[in-house]
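I opened a structure that was new to me and kept short notes on what I looked up. The entries follow in the order I made them.

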Amino acid sequence: MSSKGDNVAVCNMKLERLLSMKGGKGQDSYANNSQAQAMHARSMLHLLEETLDNVHLNSSTNPSPFTAVDLGCSSGANTIHIIDFIVKHISKRFDSVGIDPPEFTAFFSDLPSNDFNTLFQLLPPLVSNSCMEECLAADGNRSYFVAGVPGSFYRRLFPARTIDIFHSAFSLHWLSQVPESVTDRRSAAYNRGRVFIHGAGEKMATAYKRQFQADLAEFLRARAAEVKRGGAMFLVCLGRTSVDPTDQGGAGLLFGTHFQDAWDDLVSEGLVAAEKRDGFNIPVFAPSLQDFKEVVEADGSFTIEKLVVYKGGSPLVVSEPDDASEVGRAFASSCRSVAGVLVEAHIGEELSNELFSRVERRATIHAKDVLVNLQFFHIVASLSFT
């Protein structure tokens with residue numbers, strides 16, 4: 001079986017131009033496989049409220065628009081719900097102090113490969129020619145202006161001092177690149193036989209941790225230039241409770257068990273060369289609380305208002321948990337919705353289909369274990385800028 005992707009090595013490509021959640025509205029799309037993220041986000045809204053309550057409100061008679069940004073917006077409705085929540089909460093804060101709310105602007109930002117078309121199709125219509133109170137009271141409509149901003153959040157994206165609140169959920173664990181040493185066969189950090197950090201060697205884990213912390217430092221420097229004085233950030237990314245970086249928790253179970261075994265199946269069946277498998281690595285790192293805190297404190301631009309590990313729960317949503325085949329399909333679809341684009345770029349569509357069919361088969365066999373043990377923890381950070 002040949003692969004159209006045989007000459008494509010993900011590690012040598014610009015992830016910024018390639019990486020995206022699976023677009024469209026199909027079975028394996030992110031839009032149809034992000035219900036768990038929606039539930040996790042709803043469970044953290046009280047923490048987001050605390051952050052929004054710390055944002056400075058402009059009381060001038062002719063204020064500039066209040067500007068909110070969702071970084072890593074992807075292509076589903078979750079980002080729209082979050083922006084709507086932010087706008088309504090800030091509007092209530094203005095009302096509570098007797099100040100007319102300003103106009104609101106929302107920027108949806110993700111990598112250029114993101115399916116912005118699907119996202120914009122999900123946007124409700126803008127209510128025009130109405131006062132702000134009428135806009136906010138109108139169900140099924142939006143009361144803010146929008147724009148899409150393509151680009152990596154590890155660099156500057158906005159003019160200086162223009163953003164009131166940054167929100168980013170389930171994105172910062174994605175690295176800007178796979179560490180070079182991990183794909184260098186001469187390196188002690190070479191990830192031979194694996195496609196993810198989970199269960200790997202110490203040197204490989206150290207390379208991933210350094211890449212995460214370097215990326216987070218770049219992220220903080222960029223946002224510190226863009227946020228207004230009195231602004232804030234609310235950040236959520238995959239996290240881990242273990243001090244051992246090779247124990248990636250829920251992310252390890254998603255990418256380090258049945259997904260890993262499916263790659264090994266392709267190798268053992270002669271469909272993919274071992275070297276081809278070894279050249280593929282998921283560019284994800286779930287940090288510990290300390291990993292995250294070290295970078296924020298070293299940067300010094302932001303004050304930590306809250307930094308906690310939060311149990312999000314399972315990334316799978318199944319209506320019939322006793323139906324092993326449904327659990328298997330949900331596991332494979334969830335895995336493919338976030339990693340499918342990278343897999344196809346590395347081995348081609350045909351072999352990608354073979355891979356994920358094996359992921360589904362293995363997850364079906366181990367359905368009970370998947371439901372019990374596949375649990376995500378998140379790092380939740382509320383940061384202020386003064």
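Entry: two helices. I began with helix H7 (residues 202-226) and helix H11 (residues 289-299), whose axes come within 10 Å and cross at roughly 40 degrees. An angle of 35 degrees or more is no longer roughly parallel and one of 65 would be roughly perpendicular, so I noted H7 as oblique to H11. The crossing of H7 past H11 is right-handed. I then listed the residues that make the contact: H7 supplies Lys209, Phe212, Gln213, Leu216, Ala217, Leu220 and Arg221. From H11 come Asp291, Phe292, Glu294, Val295, Val296 and Asp299. I wrote down here that the model is predicted.

Entry: an arginine and two rings. Over which rings does arginine 223 lie? I found its charged end over the ring of phenylalanine 166, 5.4 Å from the centre. Arginine 223 also lies over the face of phenylalanine 219, with 5.0 Å to the ring centre.

Entry: aromatic pairs. I looked up how many aromatic pairs the structure holds, and the count is 15. One of them joins phenylalanine 259 and tryptophan 263, with 6.3 Å between centres and 85 degrees between the planes. The planes are over 60 degrees apart, so the pair is edge-to-face. Both residues belong to helix H9 (residues 258-268), where they are four residues apart, about one turn of the helix. Is phenylalanine 259 buried or exposed? Its relative accessibility is 0%, so phenylalanine 259 counts as buried. Tryptophan 263 is also at 0% and therefore counts as buried.

I followed phenylalanine 259 to a second partner, phenylalanine 356; this pair is tilted, with 6.1 Å centre to centre and 35 degrees between the planes. Phenylalanine 259 is in helix H9 and phenylalanine 356 in helix H12 (residues 324-365), so the pair ties together parts that lie 97 residues apart in sequence. I checked burial for this pair too, and both phenylalanine 259 and phenylalanine 356 are buried. Phe259, Trp263 and Phe356 belong to one aromatic cluster, together with Phe196, Phe255 and Phe280.

Entry: a glutamine in a loop. Where is glutamine 248 found? I located it in the loop between strand E5 (227-239) and helix H8 (249-255). The relative accessible area of glutamine 248 is 0%, so I entered this residue as buried. I set aside its neighbours within four places in sequence and listed what else glutamine 248 contacts: Phe196, Ile197, His198, Arg240, Val284, Phe285 and Ala286. One of these, Phe196, was already in my notes as a member of the aromatic cluster.

Methods. Residues numbered from 1 in each chain as written. Predicted model: local features only at pLDDT ≥ 70, side-chain atom pairs only at ≥ 80, totals over all residues. Heavy atoms only, no water. Phe/Tyr/Trp six-rings, centres within 6.5 Å; stacked < 30°, edge-to-face > 60°. Buried < 20%, exposed > 50% of the residue type's maximum accessible area, 1.4 Å probe, protein only. Lys NZ or Arg CZ within 6 Å of the ring centre and 35° of its normal. Contact = heavy atoms within 4.5 Å. Axes fitted to C-alpha atoms, helices over the stretch in contact; angles between N-to-C directions. Parallel < 35°, antiparallel > 145°, perpendicular 65-115°, else oblique. Left-handed = near helix turned anticlockwise from the far one by under 90°.
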